[in-house]
Structures are given as C-alpha cells and as structure tokens.
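User: I should like a close look at the salt bridges of this protein chain. Please explain them step by step, as for a first-year student.

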Amino acid sequence: MLLQAANITKLFGVTPVLEGINLQILERERIGLVGVNGAGKSTLLQILAEEISYDGGQIFKAKETRIGYLAQNSGLQSDRTIWEEMLNVFAPLLETERELRGMEAQIADPAVAADEKAYQELLNRYALKSDWFKDNGGYEIETRIRSVLYGMGFGNFSSDTVISTLSGGQKTRLALARILLQAPDLLMLDEPTNHLDIQTLTWLEDYLRNYSGALLVVSHDRYFLDRLVTTIVEIERHQSTRYTGNYSRYIELKAAEYESRMKQYEKQQDEIARMEDFIQKNLVRASTTKRAQSRRKALEKMDRIERPLGDLKRASFSFEAEIQTGKDVLYVDQLSYGYDDSKTPLFQNVSFYLNRGETVALIGPNGIGKSTLLKILTGDLRPHSGSLTWGSKVKIGYYDQEQTHLNRENTVLEEVWSAFPHIEEARIRSVLGNFLFSGEDVLKKIAALSGGEKARVALAKLMLEKANVLILDEPTNHLDLFSKEVLESALLDYDGTLLFISHDRYFLNKMAERIVELHPNGAQHFLGNYDDYLEKKLELEEMAAEKAAQEAAKQKPERASLQEDDNAAKGKSGAASYEADKQAKREERNRQRRLEQLEELISKLEGDIASLEHELTLPEIYQDYTAVQERQTAIDEHKEQLSACYEEWEQLMEN
C-alpha cells in the first residue's frame, strides 16, 4: 500500500467540505476521483499532496513513496528553455554522469594507476556508480525527454524555446510533461485532459496505461476514465464511496446499489406499518395486550434504515427552436483566414455544408483554427477569401468556450435579464433555478463565478434564445460529469441544426452524425461518430501505404534481360510476401481489438462477481435460500466465463 487516508475531514470556516473520507491506494492502482463541481475533489488531492492541512483523520504513507501532484491549469513558470527545464528533472543522474566522467579521467591517469590499492578502490566505486546510473535510466534521458515532448505536442518546437514565451495552455501541457518525466510512485493529476487535443489525449492515455506507478486522477472525461481507470472513488455529500471498475461500470453499480437500498427501505417500511397496525388494533384488548406490547418493544429496538438519498439536484433544461429553417442551412466555399502578421494562412480552401436537423462535429489539432472558423460563421471575424451562405430563416445561437460574451460586472440575474428584458423576473429566476442558481446565488457577480457556473449562465442564455442553429465551441469544458449528461440529453432532443467543436470523445461518439476534420489546406469529411472516424482514418492510412508500396515497386530500375526469368519468380515471391505482410497486419489489428474487448469483459465480470458476493452478505439475501442459490449459480457462471476469457487473453498475449 502506497498511501491510506482514514476518516479525513476538512472544514472551510464552519462549513464541512469533506467528512469521513477514506481512501487506499495500492501499487500500480488506477483510481478515478469523481463528483460534481464543488464536491471537494481538488481539496482532497491538495490534502494528500500536503499542500493544505486537514481538520480530522489520519494519512499513512510509506517513507519511500514519492508523490507527484499536478493541480488543475497549473502552468509551468520558468525562465529556462524547454530542454533545460526537462533536463533539470534528471539533475541527480546528470550529476552522477559528471562524476563518472571525472572518475574516467582519473582511471586514465598513470599516476593514479601506480597506486594499486587506490586504483582498485577507484575501479570498484566507478563500477557501482556506473551500474546505478544505468539502472536508473541514465542512458535513456534524451530519448525519454524527446518522446514525452513529442507526445505532449512539442515535437515541432525548438528545444531553445523559452518557457515564459509560451501560451497558458502550452505551459499547462509542459507542466504535465515535466511531472510525467519525474515518474513518481503515486501520480495525482487534477483535470489533466484540459487544453489537450484528441491526438495528445490519446497519447497520454496510452502512456498512463503503461505507467509503472499508481494513478489518482480527477477527470470529467468519461472516455479517458473508461480507458484508464480500474477503480472509481466518488465524493458525494462530503463522503466517499469506492466502486470497482471503470466509469461506465460505476454508473451501473451505483444505480444497482440505490435500487437495492430502496428495496430494503421499502421492505422495512412495510414491516413497520404492519407492526404499528397490529399494535394499534391489539393494545387495548386484554387477550392480546402482551403480544402488542412485545411488538412495540421490538419496534422500538429496530434498527431503522434511512431512506436512500437519490442523486443530487442536477441542472434541468432543453433547447427549442422557435421557427424551422429551410432545408439548406449553410454552405461554406473555399474559406481561408490568416493573421495579419503571418504570411502563411491559418487555414485555406475550407468547404463544407449543413443541412436542417444535422449534428456535425468540427475537429482538428489545437491551433488549427477551429474556434476562428466558428467566429467567422457567427460574423465576429471576416474571412480573407472564400464565401459562406446561410439559408433562409436561420437564427444562430453561439456558445463561446471563453465566455467573452458575459459581462463580468453583472450579477447572474442582470446578465440573463438584460439579454431578455421582455421576460418577467419570475420566469428568469425560474430558468436560473433550473441551472442550479437559487436564492442568493442569482446575485453573485459573473467575475466571482467558477468556470462551471459561467458555463451554466451561458447555457441558460442560449436556451432562452430559442435559436434553430446552435454553434457550440467546447460546450462540455468546465462542466462536471453529471452536467455533461444533462447537456447531451438536451441536445439529443433538440430538433434544430447543431455544429460543435469538442475534444470530449464520449460526447463526440454520442452526438456526432458527421465529422469535419479541419486541415491547413482544407477540410475532410467523415460520416458517423468518433469511432467511425477512427476506423475510416485507419482504412485510409492502409490504402495510402499500399499505394506507396505499389509506386515504389514501379520505380525500381529494370534488371538485365538475363535475369528476367529470375525477376519474374522474385516478383511473384515479393507479391506473395506483400500480401502476407498485409494479412499479418490485419490479423494483428484484430488481435489488439479482441484483447481490448476481453479486458473490458474481464473487468465487467470481476465487477459483477464482486457485486453478487456482496449481495450474499445482505441479511435479506442470506436468509432466503432461493435467493442464495440464484446468486451462487450466477457467480459460478460468471467465474466460468471469466476463466475462459483469461485463457483466451493469455493465448492472444503469447502470440
């Protein structure tokens, strides 16, 4: 066990933030920490990292355990260059390397070699230090740095780039790169997926899946949690609950647990009602008084089950279009845009269309110009060339990820009411209540709101616009997991046209019907959601590789005529070899897909078995022979499936 937190309590003034939090972290464990915004997730990480104090409980940590903590949006502040800052992570190794070079100079010195005893001691010290240097990765420093920098999107940056000249998002990514290179025994990350594009997100997932230490991650990215973590710890109503499995499994287990508790509660309530009815009817009768009194005592001693608390109050809203657009909503033709101080355009030759009722996602790496393109569509910017044509009866609703359209000096009530002065105050307050702004909350200044609260204000305004075309720039940023689900439901029920930017792959999978990928020299179109897009991209890459191989084969110089027969035979052999190689690659992809399916199935089966075994400990189950038999049969069947899955998994891993 690397770390154990027992009964942790934290108060802000007299208000409890955390009460009785329990957490255990084992070696190589992957834990996702979830909860609504303001639940205390970041506070808990700060306590574990010893950045803030706690008011009750105990934390036990092994002396040799090294903890690394990266706070949310904590950019790297440094006057060094990127390369110097990354090298500084390996200062002890670099110092050892300097010592080794000095010892090598001594070994080569004839004067030192003359003293046989001192010379032998020097050789022994050199051997020990050299082994330590090698075992701790001294010869892999540059490779590791280049690999992590490339993965985090700094592959094209000069190593001499001074960190202080980078943007806020770049500094955040560099801080993440630095802590990955430090490789602590326990890595704690607070919203590490912020400011990452899809390509970088995918790289980070793969890196963390193979990470040698333990992980404790706060994230609102469900795709990220599903692929990475094996345990979920939820903080709700100041307390923690642990669930085995990834995020999707946690949702299932939580729903099943609530249903089980509600059944227990209802069963006891029925029993209490029967006992109270018996007492009331029989207490005054002489012949049954003793039995009634006995029942009353039993009722008084009964351990009452409290009614299970349901989900916390969530935002509740829907989007409606006031009028319907024509069939053709938007046509963009050969659009280009560039900044005045740059000769190279940000993007050019971009063409795409929107039809009524479509849901289209715009994707591409950070800095490619996605948000700029949306601002051109809304009229906030003018394109350098090309044209865009909106269809008839179009009314646009725009969501800006930076929330620049919110007035910082307004209160929440003023911000929404000033945009819709024709709506009565009671209606505005009712709408804000649906977005979780109740009572005095509506009098908070916009400047004092958190990112999630600002997002909810912007969504409230967007809902009231009743636009028939919604243009959304990263709408899930700053929203907690539960608010994202509410937003998804509202957008799925929306009968207008939707164009959005998102790096939330779960959101892309659920929402997108078509994907437009933005490039510097145009746009590429893909039907389907994010998974369909990945599959098509892989297919296109294979076709490109085949075409390149065929072109290379055509360009080979002709051999001498005497070798023609031999060449023909070799050509057949080469074609066969190419086909075999192609088949091998196909089989390897199928193997990898099957491995991922098996790992997900194994995780689900293990969670199901744990859940069923837990049910066997419940009084209403173990006192019911039939229920016990049903659970035990299910457990045996699950274990048989699990054994078969493990066997197939091991065979695939050996191939």
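**Salt bridges, buried and exposed**

Analyst: At 17% relative accessibility, Glu 453 counts as buried, because the cut-off for a buried residue is under 20% relative accessible area. This value, like the others here, is computed from a predicted model. The side chain of Glu 453 meets that of Lys 444 in a salt bridge, with 3.4 Å from N to O. Lys 444, in turn, has a relative accessibility of 33% and counts as partly exposed. This bridge therefore joins a buried acidic residue to a partly exposed basic one, given that a salt bridge pairs Lys or Arg with Asp or Glu.

A second bridge may be read in the same manner. The side chains of Arg 80 and Glu 85 meet in a salt bridge, at 3.2 Å from N to O. Glu 85 has a relative accessibility of 5% and is buried, whereas Arg 80, with a relative accessible area of 35%, is partly exposed.

The third bridge is formed by Asp 206 and Arg 227, whose closest N and O atoms are 3.2 Å apart. These partners belong to distant parts of the chain: Asp 206 lies in helix H8, residues 198-209, and Arg 227 lies in helix H9, residues 222-228, with their positions 21 residues apart. Asp 206 has a relative accessible area of 34% and is partly exposed. Arg 227 is also partly exposed, at 27%.

Asp 206 and Arg 227 also take part in a network of salt bridges, together with Glu 205, Asp 221 and Arg 505.

The wider setting may now be described. The count for the model comes to 34 salt bridges. The protein chain has 81 positive and 107 negative charges, and the mean positions of the two sets are 4 Å apart. Of its 655 residues, 41% are buried. The chain contains 21 helices and 18 strands, and its C-alpha atoms fill a box of roughly 120 × 85 × 60 Å along the principal axes. Among contacts between residues at least 6 apart in sequence, 69% join residues at least 24 apart.

Finally, an unreviewed UniProt entry lists residues 3-278 and 330-546 under "domain: ABC transporter". Over residues 3-278, the chain is 48% helix and 21% strand, and the end C-alpha atoms are 53 Å apart.

Methods. Residues are numbered from 1 along each chain as its sequence is written. This is a predicted model: local features need pLDDT of at least 70, side-chain atom pairs count only at pLDDT 80 or more; totals for chains, interfaces and linings use all residues. Side-chain values use heavy atoms; hydrogens and water are left out. UniProt positions are given in the numbering used here, feature names are shortened, and annotations may be inferred rather than shown by experiment. Helices (H or I, at least four residues) and strands (E, at least two) are DSSP runs, numbered from the N terminus. A salt bridge is a side-chain nitrogen of Lys or Arg within 4 Å of a carboxyl oxygen of Asp or Glu. Buried means under 20% relative accessible area, exposed over 50%, partly exposed in between (1.4 Å probe, protein chains only). Contact means heavy atoms within 4.5 Å. Lys and Arg count as positive and Asp and Glu as negative; His and the chain ends are not counted. The place of a charge is taken as NZ of Lys, CZ of Arg, CG of Asp or CD of Glu.
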